[in-house]
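Me: I should like a close look at a single part of this structure. Please treat it in one connected account.

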Amino acid sequence: MIQVEIDKDSGFCFGVVNAIKSAERELGDTDVLYCLDDIVHNSLEVARLKELGLHTIDHEQFRALKNRKVLLRAHGEPPSTYKEAEKNNITIIDATCPVVLRLQQKIYACYQETRENWTQLVIYGKKGHAEVNGLVGQTEGYAIVIEKPEDMDKLDFNRDIALFSQTTKPLDGFQKIVETIRKRISGKVNFHFYDTICRQVANRLPNIKAFASRHDWIYFVAGEKSSNGRMLFEECKKANSHTVFISDAQEITRPLPEEVETVGVCGATSTPTWLMEKVAQRIKELNP
């Protein structure tokens with residue numbers, strides 16, 4: 001009989017768990033609660049919460065809203081969102097991840113301390129990502145976002161640089177950025193870097209590679225919008241070439257090859273445990 005194992009280290013991170021619990025708690029007292037953008041990058045979990053009364057809105061809809069309760073998800077928001085809420089008498093349920101919140105405060109303090117000497121504030125992260133937008137907002141839009149070493153031409157290596165990182169970026173990627181700046185920066189200016197990567201997320205990389213290598217076949221479960229999911233999937237595939245990306249159990253439509261004896265089910269920080277359990281059940285149904 002085929003053996004199926006769910007990775008115990010996969011699934012929601014603390015920040016996402018906290019946001020979902022906040023939503024469920026508020027929905028226990030009210031029929032309608034708004035959330036600014038998807039509470040998590042997983043359409044099935046978003047649909048589950050919608051059934052409970054959580055309505056997802058975008059920033060344009062948020063600006064038109066008045067006298068309502070709005071939940072801010074784990075990714076965090078720029079100061080402009082809070083100002084808009086105050087202006088429109090919106091009650092904020094702030095579920096910003098504590099790790100992200102500390103990073104926002106750190107970047108804001110650095111910006112206030114260095115703005116007069118024109119230090120370049122640099123964020124290693126995905127341009128346009130919700131967390132990154134919130135971080136750039138702490139600097140009034142001044143911070144420079146870089147995703148890879150090729151983006152370094154945006155920087156002036158004859159001026160001071162302070163480097164931060166989006167909390168969910170890979171640690172080795174951050175280290176490559178640090179080394180590239182060290183090689184190119186002038187010896188007459190200052191370079192400070194701050195490792196602000198969430199270890200709960202960063203540790204998933206070595207764990208998931210070890211998990212993938214233990215099995216004959218892997219189903220990696222994540223939402224299409226999850227950047228963390230895409231990154232972990234690619235690393236999973238490097239460890240085990242028989243790795244398949246799916247977003248729902250129903251995407252599995254045929255039995256596995258006869259030589260497959262063990263199957264691993266894992267996912268992103270935005271993948272609910274109930275969904276991985278559903279995938280495991282589907283595997284067993286198709287491979288009795």
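In what order do the strands of the open sheet of 4 strands follow one another, and is the pairing parallel or antiparallel?

Reply: The model is a predicted one, and the account below should be read in that light. The open sheet is built of 4 strands in the order β1-β12-β10-β11, and the pairing is parallel. At its edges stand β1 (3-6) and β11 (243-246); each has a single partner strand, so one side of each is left without a neighbour in the sheet. Direction ignored, neighbouring strands of this sheet are turned against each other by 20 degrees on average.

The pairing at the β1 edge can be described in detail. Strand β12 (residues 262-267) runs parallel to β1 and is joined to it by 4 bridges. Within that pairing, Gln-3 has Thr-262 of β12 as its bridge partner. In general terms, the strands of a sheet pair through backbone hydrogen bonds, in either a parallel or an antiparallel manner.

Two helices pack on the sheet. Helix α9 (residues 204-213) touches β1, β10 (217-221) and β12, and its direction makes about 160 degrees with that of β12. Helix α11 (residues 273-286) also packs on the sheet, where it touches β1, β10, β11 and β12; the direction of α11 makes about 160 degrees with that of β12. The edge strand β1 is thus touched by α9 and by α11, whereas β11 is listed among the strands touched by α11.

For context beyond the sheet, helix α4 (residues 79-87) may be considered. Its buried residues are Thr-81, Glu-84 and Ala-85. Viewed down the axis of α4, these residues fall within an arc of 100 degrees, so they line one face of the helix. An α-helix has 3.6 residues a turn, so residues three or four places apart point the same way. The buried residues of α4 pack against β2 (33-36), α3 (59-64), β4 (69-72) and β5 (91-94). On the face turned away from the buried side, α4 carries the exposed residues Lys-83, Glu-86 and Lys-87. After α4 comes Asn-89, whose phi is positive, near 55 degrees.

The cysteines complete the account. With sulfur atoms required to lie within 2.5 Å, the count comes to 0 disulfides. Cys-13 is in no disulfide, the nearest cysteine sulfur being that of Cys-97, 6.2 Å away. Cys-13 is buried, with a relative accessible area of 11%. Cys-97 is likewise in no disulfide; its nearest cysteine sulfur, that of Cys-198, is 6.1 Å away. Cys-97 counts as buried, at 10% relative accessibility.

Methods:
Residues are numbered from 1 along each chain as its sequence is written. This is a predicted model: local features need pLDDT of at least 70, side-chain atom pairs count only at pLDDT 80 or more; totals for chains, interfaces and linings use all residues. Side-chain values use heavy atoms; hydrogens and water are left out. Buried means under 20% relative accessible area, exposed over 50%, partly exposed in between (1.4 Å probe, protein chains only). The arc is that of the directions from the helix axis to the C-beta atoms. Contact means heavy atoms within 4.5 Å. Two strands pair if DSSP finds at least two bridges between them. Axes are lines fitted to C-alpha atoms, for helices over the stretch in contact, and angles run from 0 to 180 degrees between N-to-C directions.
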